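Hi,

Here is the structure I said I would pass on. Have a look at it first, and then read my notes below.

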Amino acid sequence: QVQLAEAGGGLVQPGGSLRLSCAASGSTFSINGMGWYRQAPGKQRELVATISRGGKTNYADSVKGRFTISRDNAKNTVYLQMNGLKPEDTAVYYCNADFYNNYGILLSSWGQGTQVTVSS
């Protein structure tokens with residue numbers, strides 16, 4: 001199994017920056033892709049950005065050019081650098097990791113979430 005722990009959320013003014021981190025523990029050798037998702041009040045959880053084990057990235061259109069996802073495989077950690085934050089970025093941000101169990105089945109693990117609030 002894989003456990004995820006996020007850090008770095010908080011309150012920031014519009015136009016500001018935050019950096020989220022997510023550290024994985026457990027069967028980290030089996031981790032494939034990692035990513036960030038977010039859920040605003042009254043809305044469905046949505047993809048923010050993903051990154052493959054080899055570093056290929058994918059972003060939601062709403063964050064392209066403002067957010068950057070990266071990962072350090074040696075530290076089993078994924079990061080989300082968020083610049084130019086807008087009030088509509090306010091949400092709980094969740095880290096996700098896809099990993100293979102002992103039977104070769106691809107499973108998904110989620111962190112507990114970290115609150116990001118963009119407000120003046």
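**Salt bridges and a few other spots**

There are four salt bridges in the structure. Bear in mind that this is a predicted model. The confidence looks like this: the protein chain has an average pLDDT of 95, and 100% of the residues reach at least 70. Taken by element, the mean pLDDT is lowest in strand S10 (residues 106-110), at 92, and highest in strand S5 (residues 46-51), at 98.

Now for the charged residues. Arginine 38 pairs with aspartate 89 in a salt bridge whose closest N and O atoms are 2.9 Å apart. This pair ties together distant parts of the chain, 51 residues apart: arginine 38 belongs to strand S4 (residues 31-39), while aspartate 89 sits in the loop between strand S8 (77-82) and strand S9 (91-100). Both partners are buried.

Aspartate 89 also has a salt bridge to arginine 66, with 2.8 Å between the closest N and O atoms. Again distant parts of the chain are linked, since arginine 66 is in the loop between S6 and S7 and aspartate 89 in the one between S8 and S9, 23 residues apart. How buried are these two? Aspartate 89 has a relative accessibility of 1%, so it counts as buried, and arginine 66 is buried as well, because its relative accessible area of 13% is under the 20% cut-off. Through shared partners, the salt bridges join Arg38, Glu46, Arg66 and Asp89 into one network.

The Glu46 part of that network works like this: the side chain of glutamate 46 meets that of arginine 38 in a salt bridge of 2.7 Å, N to O. Glutamate 46 is partly exposed, at 36% relative accessibility, whereas arginine 38 is buried, with a relative accessible area of 6%.

Arginine 38 has something else going on too. Its side chain makes a polar contact of 3.4 Å with the side chain of serine 62. You'll find serine 62 in the loop between strand S6 (57-59) and strand S7 (67-72). Serine 62 has a relative accessible area of 40%, so it is partly exposed. Its C-alpha atom is 9.7 Å from that of glutamate 88, a residue 26 places away along the chain.

Next, a charged residue with another story. Which side chain of opposite charge is nearest to glutamate 6? That would be arginine 45, 7.7 Å away, and glutamate 6 has no salt bridge although it is buried. What its side chain does reach is backbone: the nitrogen of cysteine 95 is at 2.7 Å, and the backbone nitrogen of glycine 113 is 2.8 Å from a polar atom of the glutamate 6 side chain. Glutamate 6 is part of strand S1 (residues 2-7). Beyond its neighbours within four places in sequence, its contacts include Ser21, Cys22, Trp36, Tyr93 and Tyr94, as well as Gly111, Gln112 and Thr114.

One last thing, on the backbone. Asparagine 76 has a phi near 55°, which is a positive value in a residue other than glycine. Asparagine 76 lies in the loop between S7 and S8 and is partly exposed, with a relative accessible area of 22%.

If you open just one view, I'd go for the network of Arg38, Glu46, Arg66 and Asp89.

Cheers

Terms used:
Residues numbered from 1 in each chain as written. Predicted model: local features only at pLDDT ≥ 70, side-chain atom pairs only at ≥ 80, totals over all residues. Heavy atoms only, no water. Helix = DSSP H or I, 4+ residues; strand = E, 2+ residues; numbered from the N terminus. Buried < 20%, exposed > 50% of the residue type's maximum accessible area, 1.4 Å probe, protein only. Lys, Arg positive; Asp, Glu negative; His and termini not counted. Polar contact = N/O pair within 3.5 Å; in protein donor to acceptor, adjacent residues only side chain to side chain. Contact = heavy atoms within 4.5 Å. pLDDT = per-residue confidence, 0-100.
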